[in-house]
Amino acid sequence: MKQLERKLGRRASYDRILIVSEGSKTEPNYFSEIRAAYRLHTANVEVRPSELGTAPIQVVQYAKALFENGDRHKNIQPRAFEQVYAVFDRDDHDSYSNALRLAESLDGKLKNDAKQFIRFLPIASVPSFELWLLLHYEDIQAPLHRNQVMQRLKLHIPGYEKGSGQAFAITRERLELATQRAEALAEKFTADAAPEPYTAIFGLVKLLTTLRA
């Protein structure tokens with residue numbers, strides 16, 4: 001056991017989580033902010049952008065490959081997680097539905113280094129991650145194009161651009177309201193119901209913000 005602990009590095013007692021995102025800055029910055037704000041151990045919560053490409057299917061494929069093979073250059077050991085999340089947008093991606101199906105097919109099928117079956121879940125947003133941020137300010141009920149989402153978000157966060165930092169800090173005080181709105185959408189629609197608005201980001205955020213509880 002001590003050898004295993006040394007191999008994996010020091011970590012806390014809660015689940016080890018791997019988050020792989022479509023975006024190279026926006027989502028990694030956001031989830032890394034949460035990790036820092038809630039003082040989650042970096043050995044427990046790993047946030048990485050996809051290195052296979054930004055298509056949803058590539059995000060899921062990279063998450064699977066990174067889980068199975070690790071990456072010694074990033075100090076990530078093979079199968080060193082209990083939960084894996086692939087974060088991607090609907091946008092106009094052709095592989096969106098296939099990515100959902102692939103992630104769902106992997107859930108509970110892969111074993112980690114403790115010989116436990118892991119959770120492997122898609123965290124999809126329709127049309128985009130920015131819908132989640134917009135829900136902190138508006139109760140969205142109807143379909144919006146990603147450009148409309150950005151335009152409306154900039155009314156609340158002047159100067160916001162994809163990749164901008166501090167998104168969590170700026171919106172944090174409205175987190176509970178955004179969660180309620182996202183949960184309400186999830187009760188009406190699913191990730192497959194495009195173009196209806198939907199985001200599963202709230203579930204991952206809720207997990208991260210209560211991980212140490």
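Reading from one end of the sequence to the other, the protein chain runs α-β-α-β-α-β-α-β-α-α-α-α-β-α. Its radius of gyration is 17 Å, close to the 17 Å that the globule rule gives for 213 residues, so the chain is as compact as a globular protein of that length. Keep in mind that this is a predicted model. In total there are nine helices and five strands.

**The chain as a whole**

- If you want a feel for the dimensions, the C-alpha atoms fill a box of roughly 55 × 35 × 30 Å, taken along the principal axes.
- Of the 213 residues in the protein chain, 49% are buried.
- Take the contacts between residues at least 6 apart in sequence: 72% of them join residues at least 24 apart.
- The accessible surface adds up to about 10,500 Å², and carbon and sulfur atoms account for 47% of it.
- The chain carries 30 positive and 27 negative charges, and the mean positions of the two sets sit 8 Å apart.

**Helix 2 and what it packs against**

- Helix 2 covers residues 26-37, which is twelve residues.
- From its first C-alpha to its last, helix 2 reaches 17 Å, close to the 16 Å expected at 1.5 Å a residue.
- The buried residues of helix 2 are Thr26, Glu27, Pro28, Tyr30, Phe31, Glu33, Ile34 and Arg35.
- On the strand side, the packing partners of those buried residues include strand 1 (17-21), strand 2 (45-49) and strand 3 (83-89).
- Helices are on the partner list too, among them helix 5 (130-134), helix 7 (167-171) and helix 9 (201-209).

**Two arginines with a positive phi**

- Here's some background: most residues other than glycine have a negative phi.
- Arg39 isn't a glycine, yet its phi is positive, at about 55°.
- You'll find Arg39 just after helix 2, in the loop between helix 2 and strand 2.
- Arg39 counts as exposed because its relative accessibility is 69%, and the cut-off for exposed is over 50%.
- Arg79 is the other arginine to look at here: it is not a glycine either, and its phi is also positive, at about 55°.
- Arg79 sits in the loop between helix 3 (56-69) and strand 3.
- With a relative accessible area of 28%, Arg79 is partly exposed.

**Two cis prolines**

- As a general point, most peptide bonds are trans.
- The bond from Val126 to Pro127 is cis, with omega near 5°.
- Pro127 belongs to the loop between strand 4 and helix 5.
- Ala194 and Pro195 are also joined by a cis peptide bond, this one with omega at about 15°.
- Look for Pro195 in the loop between helix 8 (175-188) and strand 5 (198-199).

**Ile118, a buried loop residue**

- Ile118 is in the loop between helix 4 (96-106) and strand 4 (119-126).
- Is Ile118 buried or exposed? Its relative accessibility is 1%, so it counts as buried; the cut-off for buried is under 20%.
- Setting aside neighbours within four places in sequence, Ile118 is in contact with Phe67, Phe81, Glu82, Val84, Asp107, Gly108, Lys109, Leu110 and Asn112.
- One of those contacts, Glu82, is 36 residues away from Ile118 along the chain, but the two C-alpha atoms are separated by 5.0 Å.

**Two exposed residues and some C-alpha distances**

- Glu187 is part of helix 8.
- At 72% relative accessibility, Glu187 counts as exposed.
- Glu187 and Gln148 are 39 residues apart along the chain, and 23 Å separates their C-alpha atoms.
- His73 is in the loop between helix 3 and strand 3.
- The relative accessible area of His73 is 67%, so His73 is exposed.
- From His73 to Leu100 the count along the sequence is 27 residues, and the C-alpha to C-alpha distance is 29 Å.

How values were computed. Residues numbered from 1 in each chain as written. Predicted model: local features only at pLDDT ≥ 70, side-chain atom pairs only at ≥ 80, totals over all residues. Heavy atoms only, no water. Helix = DSSP H or I, 4+ residues; strand = E, 2+ residues; numbered from the N terminus. Rg over C-alpha atoms; globule rule 2.2 N^0.38 Å. Buried < 20%, exposed > 50% of the residue type's maximum accessible area, 1.4 Å probe, protein only. Contact = heavy atoms within 4.5 Å. Areas by Shrake-Rupley, 256 points an atom, 1.4 Å probe, with all protein chains shown as cover. Lys, Arg positive; Asp, Glu negative; His and termini not counted. Charge placed at Lys NZ, Arg CZ, Asp CG, Glu CD. Expected span 1.5 Å × (residues − 1).
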